[in-house]
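Let's take a walk through this one together, a piece at a time. Have the sequence and the 3D view open as you read.

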Amino acid sequence: MTPHVTLKLRGFGELETASEDWLAEQVRRDVRRLPPRVDLVRQGEGTGPLHVLIEGWAVRYKTLEDGRRQILSVLIPGDIFDINGHLARSMDHSIATLTPTRVALLDDDFLDIARAHHSDLEKLLWCDMHVSSAIQRERSTSLGQRTARERMAHILCELFHRQRSVGLATGQRCSFHLTQTELAEALGMTPVYVNRTLQDLRREGVIQLEQKCLTVLDLPRLEATALFDAGYLKICEADGAAGSHKENAHAF
């Protein structure tokens, strides 16, 4: 199993060896390779299985009738998505790859088996879903209240911290596969303003961004600029999640 999933789930609490082995087996069963810039699922189409992103980047997005696109979230290796997709008749959004990717498709009964035989894993999946919701709330807050400069700094901080938590950052460096147009679609900015804001952060010695690589030269300053508090990425710890997942287990 990709170590990124393991690291992510273990960040929420204890994952027993038997559960980890079972999850690894499930992830290996059906792995698809996809080229960059293709839709994995499409808005308006039927829902599909639970996915695990093993390698590469993807985005969740919505489009308006005139073709304008809003990027809702960025998916990186280790992310588990569409956990409640089976409850809907059709997708209300699309997911597209940004890079060459490998995606695991899990069996329809995956969540039922996890609930019945791997309660530790079920609890960690709930934690992961809570954090995904918290990330979405932060994005809404950025669009509604943060300035353009704060929004930019915030998404850079978030993607750096998320990659560091799953072993994808080395020192101050991590991958960065969003173009300026895609940043504009995620942050509610124009591409011109995205370019200007990035240039300002570069000139101030806070970041370097080149060749699909982000280097955070001054993380405390970048976090201060963003009004960034990484607590939402750790909102669900093992002890606090125990009661929650029992109360809500029927939603799986």
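**Strands, helices and a few odd residues**

Start with Val52, whose bridge partner in strand 6 is Ile80. Keep in mind that you are looking at a predicted model. The Val52 bridge belongs to a pairing of strand 3 with strand 6 (residues 80–81), which is antiparallel and runs over 2 bridges. Strand 3 also has a link to strand 8 (residues 101–105): here 4 bridges join the two, and they run antiparallel as well. If you want a spot to click on, Leu53 stands opposite Val103 in strand 8. How much of strand 3 is buried? Strand 3 covers residues 51–55 and is mostly covered, with 4 of its 5 residues buried.

Now move over to an open sheet, built from 4 strands in the order 2-7-4-5 with antiparallel pairing. Which strands stand at the edges? They are strand 2 (39–41) and strand 5 (69–75). Each of these has a single partner strand, so one side of each is left without a neighbour in the sheet. From one strand to the next, the twist averages 35°. At the strand 2 edge, 2 bridges make the antiparallel join to strand 7 (residues 94–97). One pair to look for there is Asp39 with its bridge partner Ala96 in strand 7.

Strand 5 turns up again when you get to helix 6 (residues 180–187). This helix is mostly covered, since 6 of its 8 residues are buried by the under-20% cut-off for relative accessible area. The buried ones are Glu182, Leu183, Ala184, Glu185, Ala186 and Leu187. What covers them? The cover includes strand 5, along with helix 4 (119–145), helix 5 (148–165) and helix 7 (191–203). Right after helix 6 comes Gly188, with a positive phi near 70°.

Two of those covering helices are worth a slower look. Helix 5 packs on helix 6 at an angle of about 110°, with the axes 11 Å apart. The two are therefore roughly perpendicular to each other. On the helix 5 side the contact is made by Arg151, Met152 and Ile155, and on the helix 6 side by Leu183, Ala186 and Leu187. Sort the residues of this contact and you get 5 nonpolar, no polar and 1 charged.

Helix 5 also meets helix 7. Their axes come within 10 Å and cross at roughly 70°, so helix 5 and helix 7 are roughly perpendicular to each other too. Helix 5 brings Ala148, Arg149, Met152 and Leu156 to this contact, while helix 7 brings Tyr193, Val194, Thr197, Leu198, Asp200 and Leu201. Those residues divide into 7 nonpolar, 1 polar and 2 charged. Met152 is a handy residue to highlight, as it takes part in the contact with helix 6 and in the contact with helix 7.

Next, go to helix 4 and find Leu121. Is Leu121 buried or exposed? With a relative accessible area of 0%, Leu121 is buried. Leaving out residues up to four places away in sequence, Leu121 touches Leu9, Leu15, Ser19, Trp22, Leu23, Phe110 and Ala114. Leu111 sits 10 residues from Leu121 in sequence, and their C-alpha atoms are 9.7 Å apart.

What about the cysteines? The count of disulfides is 0. For Cys174, the closest cysteine sulfur is the one in Cys213, and at 6.8 Å that is too far for a bond, because a disulfide needs the sulfurs within 2.5 Å. Cys174 counts as buried at 5% relative accessibility, and Cys127 counts as buried at 0%.

Last stop: backbone oddities. Most residues other than glycine have a negative phi. Lys212 is not a glycine, yet its phi is positive, about 60°. Lys212 is in the loop between strand 11 (207–210) and strand 12 (213–216), and at 55% relative accessibility it counts as exposed. Leu227 is another non-glycine with a positive phi, about 55°. You'll find Leu227 in the loop between helix 8 (219–226) and helix 9 (238–248). Is Leu227 buried or exposed? Its relative accessible area is 57%, so Leu227 is exposed.

Definitions and conventions:
Residues numbered from 1 in each chain as written. Predicted model: local features only at pLDDT ≥ 70, side-chain atom pairs only at ≥ 80, totals over all residues. Heavy atoms only, no water. Pairing = 2+ DSSP bridges. Axes fitted to C-alpha atoms, helices over the stretch in contact; angles between N-to-C directions. Buried < 20%, exposed > 50% of the residue type's maximum accessible area, 1.4 Å probe, protein only. Contact = heavy atoms within 4.5 Å. Parallel < 35°, antiparallel > 145°, perpendicular 65-115°, else oblique. Nonpolar A, V, L, I, M, F, W, Y, C, P; charged D, E, K, R; others polar.
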